[in-house]
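Dear colleague,

I am handing over a structure that I would like you to read through slowly, with the viewer open beside this message. Please look at it first, and then compare what you see with my notes below.

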Amino acid sequence: MNKQGAIEKIKNIDTLNINDRVAGQQVDMVIKSQVLDIVSQIDEPQKVVIPKFVAEWIEECKRSGWHLQKALYRLDDDEKVSDWAYDENDDLIAEKVETFARAWLAYPNITIEQEKLYTVEIPNPNGLVVCLERLDRGKIALSTLGESELTEAEIKQDFEWAWQWAKEVE
């Protein structure tokens, strides 16, 4: 139900007329639960959910003063966005274009998709546990001290060979 439909339903609720002694006028009263029931039926637009890199691309395009048509035309300027928006035949995926346009129009009221996190423990026949760990400076390194929760991109950036041992964090 939309807003106008809700207004019409509320207008048709039975009212109880009473005289307000303080204000000295006639007052129409309705049952609160009936109004709340109608309001709860109003359709809310679904939040647009996009990956972080698409949100960053939209932000960059808007900062550059681009309009939606230019941003759509230039989707392949960003490799990650291009991989997300195009199929293996280099055709735009209609659903992705629609999602991008809806995100563009709703920005910044969008939801950023949370990237999956992984841990990587590399098998070691010597018994010493070797993991990928994020150091204090943000750099990813091999470590025997502990493991970190990392995104796929972080792992594959310098340790693509270790991706085979990645385990998704629950």
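**What I found around one strand**

Glu 121 stands opposite Cys 131, a residue of strand S6. Before we follow that pair any further, please keep in mind that the whole model is predicted.

The strand to start from is S5, which covers residues 117–122. Two bridges join S5 to S6, the strand of residues 130–134, and the two run antiparallel. S5 is also joined to strand S9, residues 166–168, by three bridges, again in the antiparallel sense, and here Thr 119 is the residue that stands opposite Lys 167 of S9. Strand S8, which consists of residues 150–151, pairs with S5 as well, over two bridges and in the antiparallel sense; in this pairing the bridge partner of Tyr 118 is Leu 150.

From S6 you can go one step further, to strand S7 (residues 140–143), which is joined to S6 by four bridges and runs antiparallel to it. Cys 131, the residue we met opposite Glu 121, has Ser 143 as its bridge partner in S7. S6 and S7 form a hairpin with five residues between them, and in the turn Gly 138 has a positive phi of about 90°. S6 is mostly covered, since four of its five residues are buried.

**The two residues of S8**

Is Leu 150, which lies in strand S8, buried or exposed? Its relative accessibility is 0%, and because a residue counts as buried when that value is under 20%, Leu 150 is buried. If we leave aside its neighbours within four places in sequence, the residues in contact with Leu 150 include Leu 117, Tyr 118, Leu 132, Ile 140 and Ile 155. Lys 116 is another of its contacts, and although Leu 150 and Lys 116 are 34 residues apart along the chain, their C-alpha atoms are separated by 8.3 Å.

Thr 151 also lies in S8, and with a relative accessible area of 12% it too is buried. Not counting residues up to four places away in sequence, Thr 151 touches Glu 115, Lys 116, Leu 117 and Tyr 118.

**The protein as a whole**

When you zoom out, you will find seven helices and nine strands in the protein. What radius of gyration does the protein have, if a compact globule of 170 residues would have one near 15 Å? The value for the protein is 27 Å, and its C-alpha atoms fill a box of roughly 90 × 45 × 30 Å along the principal axes.

Of the 170 residues, 25% count as buried, while the protein exposes about 12,600 Å², of which carbon and sulfur atoms supply 48%. Among the contacts between residues at least 6 apart in sequence, 51% join residues that are at least 24 apart. Finally, the protein carries 20 positive and 34 negative charges, and the mean positions of the two groups are 7 Å apart.

With best wishes

Methods:
Residues numbered from 1 in each chain as written. Predicted model: local features only at pLDDT ≥ 70, side-chain atom pairs only at ≥ 80, totals over all residues. Heavy atoms only, no water. Pairing = 2+ DSSP bridges. Rg over C-alpha atoms; globule rule 2.2 N^0.38 Å. Buried < 20%, exposed > 50% of the residue type's maximum accessible area, 1.4 Å probe, protein only. Contact = heavy atoms within 4.5 Å. Areas by Shrake-Rupley, 256 points an atom, 1.4 Å probe, with all protein chains shown as cover. Lys, Arg positive; Asp, Glu negative; His and termini not counted. Charge placed at Lys NZ, Arg CZ, Asp CG, Glu CD.
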